[in-house]
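This report concerns sheet architecture and charged side-chain pairs. The sequence and model are shown first.

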Amino acid sequence: MSEPTDALERPLEASERTAEPTGAETPGRLHHALEAFKDNIEAFTVALIMALVIKHFCIEAFKIPTGSMMPTLYGEKNSPEGIGDRILVDKWAYLLGGPERWDVIVFRYPLNQSKHFIKRVAGLGGEQIKTVRGDLWVRTTDEEPWRIATKRRRVRDELYLPVYPPAPDEYDEAPPPPVEKYWTVDAGGAWTVVDYQTLRFAGGAEAPVVFEKRIGRSTGPTSHSMSGDGDLVRDVRVVLRATAAAGAALTLSWRASEEHATTARLATPQAPRGSRVSTWTSDGQELAAPVDRKLVPDRATEIELECVDGEVYLHVDGEEIAHLGEARTLDDIRDIQDYMQELALIGDGGAVDVTD
């Protein structure tokens, strides 16, 4: 057994007793509050500086005020919802190279540096350009022949406007014309116009169904005009789904003038003639190519025919399978109202359903 220590025996001094909370802790709390405030100010300042740096050197947001870039971009005054498009501009995009034709760019207006313009690039350095009947023609010297500036697939997708089928729910006071007015069927009755989205070929000898609505510069799916709105166009894209029976074939025919006709034929393996695409050049020569693709009987196949910028593209189920050049020249361009515009679908052999 040990003796008790002095520390256990002596009473606690006043200075050693537990102190009650006093105002002495207030400076510590204030210090912590000031530290937190300082941290927030620093974070806010860094975020602000980074935002300004990113906006000035990297990416900047813009809103579209007008409709000059329709239908690619809608301005506040032209948007169906009343809210214009917003875009983010990459300021490093041309760090290693200049713009390419058809790029959409934002630049300062040369006569007023405080204004920003958004436009699509048409001409490049050293080029002469002109527009004739909706085509952009370019050359670099007076001796060089004019040639059409063709568009990339992505650009073409941005610029197309829908023409058909009509949208019945968009007509408030005047309903669209009956579907029979849009199509003229062959006298033999091989074709049946089921509705706006469906045409049916019963089979038999070759027979056409012709689209009667002329396609003008401002023609749209809500247009009542059957003669076309504005100058007629020659560049179109036709997209549909075809479901063919064995032995059937379907031909898409687009005639923009007497001299320019394009046809794309897709056939089933049992059809007597195979698949083929052809077009006529401005000097009366036919360009043609066999198509290594067949319609599969009783299966829906998506077919897309583009005639644009003097080129012909055929896509089947999303894959480009043919490309021909019309070799269009500036000399053969004449009054577009003289064009014999005609779009037709031609069935042959077995039954074919055309939808969408």
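## Basis of the description

A residue is called buried under 20% relative accessible area, exposed over 50%, and partly exposed in between, with a 1.4 Å probe and protein chains only. The model is predicted, so local features need pLDDT of at least 70 and side-chain atom pairs count only at pLDDT 80 or more, while totals for chains, interfaces and linings use all residues. Residues are numbered from 1 along each chain as its sequence is written, and side-chain values use heavy atoms, with hydrogens and water left out.

## The seven-stranded sheet

Helices (H or I, at least four residues) and strands (E, at least two) are DSSP runs numbered from the N terminus, and two strands pair if DSSP finds at least two bridges between them. On this basis, 7 strands form an open sheet with antiparallel pairing, in the order 9-10-21-12-17-18-19. Strand 9 (191-195) and strand 19 (319-325) each have a single partner and stand at the edges, so one side of each lacks a neighbour in the sheet. Direction ignored, neighbouring strands are turned by 20° against each other on average; axes are lines fitted to C-alpha atoms, for helices over the stretch in contact, and angles run from 0 to 180 degrees between N-to-C directions.

Strand 18 (residues 311-316) runs antiparallel to strand 19, and 6 bridges join the two. Within this pairing, Val 312 has Leu 324 of strand 19 as its bridge partner.

## Salt bridges

With a salt bridge taken as a side-chain nitrogen of Lys or Arg within 4 Å of a carboxyl oxygen of Asp or Glu, the count comes to 24. One of them links Arg 152 and Asp 103 at 3.3 Å, N to O. Arg 152 lies in the loop between strand 7 (147-148) and helix 3 (153-159), and Asp 103 in the loop between strand 2 (86-90) and strand 3 (104-109), so the pair ties together parts 49 residues apart in sequence. Arg 152 is partly exposed at 30%, whereas Asp 103 is buried at 14%.

Within the sheet, Arg 237 and Glu 304 meet at 3.9 Å, N to O. Arg 237 belongs to strand 12 (residues 236-244) and Glu 304 to strand 17 (residues 300-308), so this salt bridge ties together parts 67 residues apart in sequence. Arg 237 is partly exposed at 28%, and Glu 304 is buried at 6%.
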